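Trainee: I am new to this structure. Please take me through how its labels are earned.

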Amino acid sequence: MKYIDEFRSHDLAEKLAAAITRESATGRDYHVMEFCGGHTHAIFRYGVQDMMPANVHFVHGPGCPVCVLPVRRLDDAVELAERHNVLLCTYGDMMRVPGTKQRSLIRAKADGADIRMVYSTQDALKIARENPDRQIVFFAIGFETTTPPTAVAIIQAQKEGIENFSVFCNHVLTPAAIQHILQSPEVRDLGTVTIDGFLGPSHVSSVIGSQPYEFFTEEFQKPVVIAGFEPLDVMQSTLMLLRQINEGRHEVENEYKRVVNPEGNLKAQSIVAEVFELRSEFEWRGLGLVPYSALRIRDAYAAFDAEKRFGLSEKQSREVKSCECPAILRGVKKPTDCKLFGTVCTPDTPMGSCMVSSEGACAAYWTYGRYRSAQPEKSSKKGIAA
Amino acid sequence: MCLALPARIISIEADGLAVVALEGIKKSISLALVEDVTVGDYVLVHVGYALHKVSEEEAVRTLAMMAEAGVLSEQLEEIEGAEA
Amino acid sequence: MNAFDPSITDNANKIDMTHGSGGRAMASLIRDLFHKHLVNPHLSAGNDGAVLELPPGRIVVSTDGHVISPLFFPGGDIGCLAVHGTVNDVAMMGAKPLYLTAGFILEEGFPIPDLERIISSMAGAARDAGVHVVTGDTKVVEKGKGDGVFITTTGVGVVGDNIRLQGDLARPGDKILVSGTLGDHGVAILSTRQNLEFETEIRSDTAALHGLVAVMLEAVPDIRVLRDPTRGGLAATLNEIAQQSHVGMILDERFVPIKPDVAAACELLGLDPLYVANEGKLIAICPASEAQSLCDVMRGHPHGADAAIVGEVVEDQANMVQMRTKFGGARVVDWIAGEQLPRIC
């Protein structure tokens, strides 16, 4: 597969690993936050951590849209499917995420709710065209990457007059979340979380460009390297970050130039701006209310806004009390710090979102951490990522 | 997050759709979010939409940069080895 | 697509409740469809059960329910799948499969021509595998209470006294072999799934494997474990064996055979091919000293042409399956949590 296999080459990986070892041989520790779950996934799936020196630590960030969706919004989606008798379409990622009392979409489906997994917003539109007597709601989640396809569907629905289609919008914005993490007391004042630099989002940046990150490097004096999701991209970007840290620089560098340019995809941006506007605040699981961190549907397209079409009830949404997903998403705690981890909470019986998504830190630790514990001689040599 | 893959456009269809190929897998996608793409181009595909063209030139450059980092590291190793 | 589209045929050509009622309609369905295609003396005798002659050896019995959507898929259909699935389960015990029984649950409104296609495919698969469908049963459920057709088959076979294949016999040092490329069946099914459609030339690998098993056991009688990695794929099956045998396993990704198109489809949908289903592949575990000769024998058989040694059994109290990645790192190949769902992030 062109542009994929080359970026998984073993030979280059060994060379980069040697270069990283050399660059990091300074006697200090390096804490690199990979914002995106895509990076987390690559680090675990390819065993990138195994090739890193012990003093280079990956701190997993909140960049997994499944993980950061607050329970309340998931409960709303379940309510739409169950109480308002809509045909709810969503991406496969959301099916198993537990809501209040562990109620997930897959359980609602088992109880008779009509919930369909789709691959694309185009599929949701198709279902709406084929079922003119039903109300079709697309449960939209995702960052800037996934937002433009939702906008296209809404514009198309208006053009074609597909009146039985609406969108339950949960699209969120990455720069707002990064800023929130950097401003959090744990990072800024208390120093309980050390972040020396960021591996910046790759596919989000294909849409928004590399410019939005300039602010962080100036304001917070932390380097950012926009990094592709293949394992060599992660290694090369880590090397670039280490160099910046060692040289005392804090710039936005772009390792993923094959897809990301400074201004991003202008056409996609204008389509998003046509349909969506900023919410003044939005709740993120783990981060709490984050100002200007999410999008809602503009009045001009209000007819396609499921929140307006169906009066959603006030509800008492509750996370499992001792679930540490929130702290884990902020990088404050490790999955192994959670009392539920590996006992009542496993991928088979997830209590929190971080155990569901294949990009979630808990799911990754569940497999990787156990592997580590089975390899004592190795973990003592290299250490486990923070 | 955001599973997206580079795939080659093999035909452009009506209604802003195109067919892309990844090895022998062919899938219909929407071109609504990109401009100026033609058959033969590689595009980044996410949830059934092309998000961005993939630049061959930049891909080659990035791979060269990776190889160089390794080579540089090896050379430094040798120099230091000789000094020691 | 599901071939169960009632609009394409008229009522006279569809299953209705009388076909399961024990009356004349049922008798004619059995005679005209089942006996016509699955012809053999046991079935034609029309008795409630079959009295079977068995060669010397121990009897192996296995049963499997088959539900699949769509019923007709690239490379096969539920009919041949119902034969292959059970024949393979019997074969994985080292036995020669001889007889099958078949229970059909039909949904009211199911087109009879489609049923005939399924039964004819079943008959062809049984003929090729050298087994007879000796007794069967048909029930009809109301519309909406089934998914077209469900088929349960039970297989009977005989295994020689010298053969002992069990999931708890894997020992540290043993080698792990697979008989060919992984994930073909699951990807072929996914390619037809509504809302996921993609075009591919990948076809289901559904096949009867007892022929392959026979040559393998002849060459290496002390194979320790044979198993077919169906649901949950290679990953689930190896985890099962690791737990049964109280051992760990280490795979080498470089040698795990996966077709480029299967790998591509999995990339596209965010799936891991190690967890994708197979219907015509087997996993063998044997002593290291015999692994290469076993692999050579497998490669000489049409169903084992892409056979490979993919890993080894190790001591591990945690009974984990791990894999050295092509990239150069290591990862765990864990049990799957529920069905693998296509993902976007």
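**Labels and their cut-offs**

Mentor: Chain C is assigned domain 1 (6-159) and domain 2 (175-332). This is a predicted model: local features need pLDDT of at least 70, side-chain atom pairs count only at pLDDT 80 or more, and totals for chains, interfaces and linings use all residues. Residues are numbered from 1 along each chain as its sequence is written, while chains are lettered from A and ligands numbered from 1 in the order in which they are written.

Trainee: How do you know the domain bounds of chain C?

Mentor: They come from an automatic or database domain assignment. The C-alpha centres of domain 1 and domain 2 of chain C lie 28 Å apart.

Trainee: What makes residues of domain 1 and domain 2 of chain C count as in contact?

Mentor: Their C-beta atoms, placed from the backbone, must lie within 7 Å. By that rule, 20 residues of domain 1 of chain C are in contact with 20 residues of domain 2 of chain C. On the domain 1 side, α3(C) gives the most, with eight residues.

Trainee: Why is α3 called a helix?

Mentor: Because helices are DSSP runs of H or I, at least four residues, and strands are runs of E, at least two, numbered from the N terminus. α3 of chain C spans 78-91.

Trainee: Why is helix α2 of chain A called mostly covered?

Mentor: Eight of its nine residues, 37-45, are buried. A residue is buried if 20 or more other C-beta atoms lie within 10 Å of its own, exposed if 12 or fewer, and partly exposed in between; C-beta atoms are placed from the backbone. Among the buried ones are A:His39 and A:Phe44.

Conventions. Two residues are in contact if their C-beta atoms, placed from the backbone, lie within 7 Å.
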